[in-house]
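Open your viewer and get your selection tool ready. We will go from stop to stop, picking residues and looking at what is there.

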Amino acid sequence: MGNALCFVDHQKMKKNFKHQSKYSKKLSKKYSTHRLYYSDNIDTFKALDPKKKNEEKHNKLLDLSNRYHEAHQRKEQDEQERERQEIIDQLREHTNDQVEDRENFTDIFELGASSYDKLLNSFGGADSIKKRTQDTLLSNNASKKKQKLEQRNQQQKKEEVNEEEEEEDEEEVNNDEIDIEFDPEEEEEVEVDGDEQDDDDDVDQEELEEEEQEEVEEGEEEEEEESEFADVYGDNKKEAEEEEEEIVDEKEVKEILKDNKKQSNDICFNHFNREIETENQLEDLQTESHSFSSQSVDVESFGIITSSGCPAPLNNQPVAKSVMEAKQSFIPSKKNNFSEYNIKSRLLKPWSTTKKNKENDLYFTPIQQSLFPIMNEYRDLLFSEENHKNHKSIYQLYTLHAVNHVLKTRDQLLKDNVITKEFEKKNEIVPDLRHQGFTKPKVLIVVPFRNTALDIIKLMLKLVPHEPKTQTEKKTKLVNEYSAPEGKTLNPEKPEDFQHIFRDNIDDCFRIGIGFNRNGIKLFTPFFFSDIIIASPLGLRLVVGTKGDAQRDYDFLSSIEVLIIDQVDTILQQNWDHINIIFENLNLIPRAQHNTDFSRVRMSYLEGWSKHLRQTLIFGSLLTPEINSIYNRQCYNINGKIRVKRIKDGEISNIINPSLVQTFHKVYISADEHKDDDSTARFQFFIDTVLPKLTHHSTESRQILIYIPSYFEFTRIRNYFNKEAKSFVKCDEYAQPGAITRARHYFRRGERTYMLFTERFHFFNRYKIQGIKHVVFFGLPQIAAYYSEVLNMITQQDGTVMALYTNRDRLALERIVGTIRSTKMLESEKSTHLFC
């Protein structure tokens, strides 16, 4: 009995363990998905890739699908053969003649209409044939019913015979003289054995149900994966019908042809339609552009504009001639109206309605007047002076530029369609019109959160007229998905830049396609039928994927002509690897055809050189090595590029407590010892020099905040503190709210000596940490405002500040101490500098 009970318990434990493992499997999948898209390097991402499918599972599903289709096809063929044979049998039965088994009996219908009537009359007419057919069907049904009844009767007889045999066996057992006595314990064991059998049946049934449930879940997962790409592909048939060539009346034809007479002076048309047919031509253009020396101009209240490279001469432009003679890159000049900038005249009125005051004929703000000449020249731009005050002017300007570019290219394609139709009507040879790319998307806008995307889309709806009736449903969807969640409020005591960045909807996983047609603008169009794509790095990364992903697509990025990345400083706090992956998949030759008319694709695109024509616009509030790497290594525009930055006064001027002693320690990097790793050099300097000074004469009441820019450096210091049993608390971006509250409480009361404080934690929370007496910057903050914010939290008059930096921290040091001071500190032979 004891063994039987153990068996039952074992089965119950097995059942519970299965449910538990299934639940933990879902949790682990969710956790790995989270770590996948917020991991800090590409190696961690590849190790935790949940999208990577097993090839054996894929092949198994494919094999099942093929077998299903083959069986279905065989069944249809058998059904057709059976019906055909029935028809032949009926004809033979009623005609009493030998009917030849010919395929489809095509010779019957070759007799003509009159012969067909005679044939029907020979069978007694059409009504007679129908009646005979019905009689045949009734007789067949009756015979089938009789067969079923006979089978049931036979089965009942067998069951009766079996019951009689069982009754006879029972009577023999009852008449037996042997009496069997059962012990109570044995009876219980028998009952338990019966229960065990029932449990076994239950377990088997549950296992079958679980297997079925797992199959259903796998099917749902596959459907979810397909639905994830619905915004990329959409209903291809439906969208293709809507994307058919638009009907253009004669009036519109005249307007298009008249408007396109100005194309000879349009930089957009001349730049993207360069005749580059050989690699030597491309190399000549690149060499010519790089031969021009850089030029810098300091524009008051704007910044230092540094121009490198130069547009190659187009159509004998006088500006290009002077540049060729001077061999110096030039700064684009400002113009006075929309016509001089070749902006579509239809955009002037809606653009003016977005402005409260008319400062000039362009309705441009001062910063827009300085930026738009650069955009309109189709040069690459890196603008590092964006902030929460001028952000609205910047996104309005590049939205105008993007819409104007799409309208220009669309009008060019309509003009090509008109010319093609005219030549086809005259039966003449159609000229070679190559003014398009592989796919339709031309502009890609990358922003960190939905709030900025919503602002851009609202401005587009104002600039481009559209039919409200057709877009009502889409607008409702836009408001529901991109507006602020109900009940969301921000602490008014937070800084202004924090309230601007985290306003409204801050979801960082989204993507939306926007299409242009004769009726105006369309929202939520599939990517392959969109002109403009707005997406976050994460949302785009989910579609683009990496090598090894079961489902990925980047063909819609093959013909991007204008790339805009806004709020790049915020994207740095998310995951910069997504940006690198996006650039790796830009302007590649597509893997599929996508109904492309290759006779109208530019030759430079067919050769894979479209990245040398792409314009890249990058906007942010700071410069970092990562941003400079994108600017220097991923911007291939043969028209040249421009960088805009200001001379920094330094963030130390914003510190409230003048008595704070700020010490900056320069850490020298030894290539032999640390393999050019500045983080390792700073860590070694920290544990060898800084920590001994902090622990000397220290007590448990000394509150020391250690500011750490990188999460990997945070884990390194945390592990070291755990190993050395240091008294510390931690505030990092992955900590739970409860743990953060306890850490702040312990640190404020002086119950812990150290607080490990990461930059990303401060970016997403901006808490005021109380009780700080001393601050150590393990690395300089990337966002300079955080330096003064942390120092202004120190309440003690005799507090101290220590900051570590290397020669590679030039950009961060410049933002904190100023341009002039940073240059002196880096060139000085001294390793320590004090600011009082």
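Which side chain meets Arg 766 in a salt bridge? Select Arg 766 together with Asp 497: their side chains form that bridge, with N and O 3.2 Å apart. Keep in mind throughout the tour that you are looking at a predicted model.

Stay with this pair for a moment. Arg 766 sits in the loop between α28 (759-765) and β15 (774-777), while Asp 497 belongs to helix α18, so the bridge ties together parts that are 269 residues apart in sequence. Colour the two by accessibility and you will see that Arg 766 is buried, at 6% relative accessible area, whereas Asp 497 is partly exposed at 23%.

Next, pick Arg 503 and Asp 455. Here is another salt bridge between side chains, at 2.8 Å from N to O. This pair also links distant parts of the chain, 48 residues apart: Arg 503 is in the loop between α18 (496-501) and β5 (511-517), and Asp 455 is in helix α16. Are these two partners buried or exposed? Both Arg 503 and Asp 455 are buried.

Now move to helix α3 (residues 55-95) and select Glu 79 and Arg 82, which are three residues apart and so separated by about one helical turn. Their closest N and O atoms are 2.5 Å apart, in a salt bridge. Glu 79 is partly exposed at 36% relative accessible area, and Arg 82 is partly exposed too, at 39%. Add Glu 86 to your selection, and you have a network of salt bridges linking Glu 79, Arg 82 and Glu 86. How many salt bridges are found in the whole structure? The search gives 22.

Time to switch on the surface. Select Lys 356, Lys 392, Lys 458 and Lys 462 to see a patch of positive charge. For a closer look, take Lys 462, which lies in helix α16 (residues 450-463). Its relative accessible area is 56%, so Lys 462 counts as exposed.

For the opposite charge, select Glu 275, Glu 277, Glu 279, Glu 283, Asp 284 and Glu 607, which form a negative surface patch. One of them, Glu 283, is in helix α11 (residues 279-290). Glu 283 is partly exposed, with 37% relative accessibility.

Now for the cysteines. How many disulfides does the model contain? The count is zero. While you are here, click on two cysteines: Cys 509 is partly exposed, at 28% relative accessible area, and Cys 635 is buried, at 7%.

The last stops concern the backbone. Most residues other than glycine have a negative phi. Select Asn 427, which is not a glycine and yet has a positive phi of about 60°. You will find Asn 427 in the loop between α15 (391-425) and β4 (443-446), exposed at 72% relative accessibility.

Finish at Phe 524, which also is not a glycine but has a positive phi, of about 55°. Where is Phe 524 found? Look in the loop between β6 (520-523) and β7 (532-535). With a relative accessibility of 16%, Phe 524 counts as buried.

Key
Residues numbered from 1 in each chain as written. Predicted model: local features only at pLDDT ≥ 70, side-chain atom pairs only at ≥ 80, totals over all residues. Heavy atoms only, no water. Patch = residues over 30% accessible without salt bridge, like charges linked within 9 Å, V, L, I, M, F, W, Y side chains within 5 Å. Areas by Shrake-Rupley, 256 points an atom, 1.4 Å probe, with all protein chains shown as cover. Salt bridge = Lys/Arg side-chain N within 4 Å of Asp/Glu carboxyl O. Lys, Arg positive; Asp, Glu negative; His and termini not counted. Charge placed at Lys NZ, Arg CZ, Asp CG, Glu CD. Helix = DSSP H or I, 4+ residues; strand = E, 2+ residues; numbered from the N terminus. Buried < 20%, exposed > 50% of the residue type's maximum accessible area, 1.4 Å probe, protein only. Disulfide = S-S within 2.5 Å.
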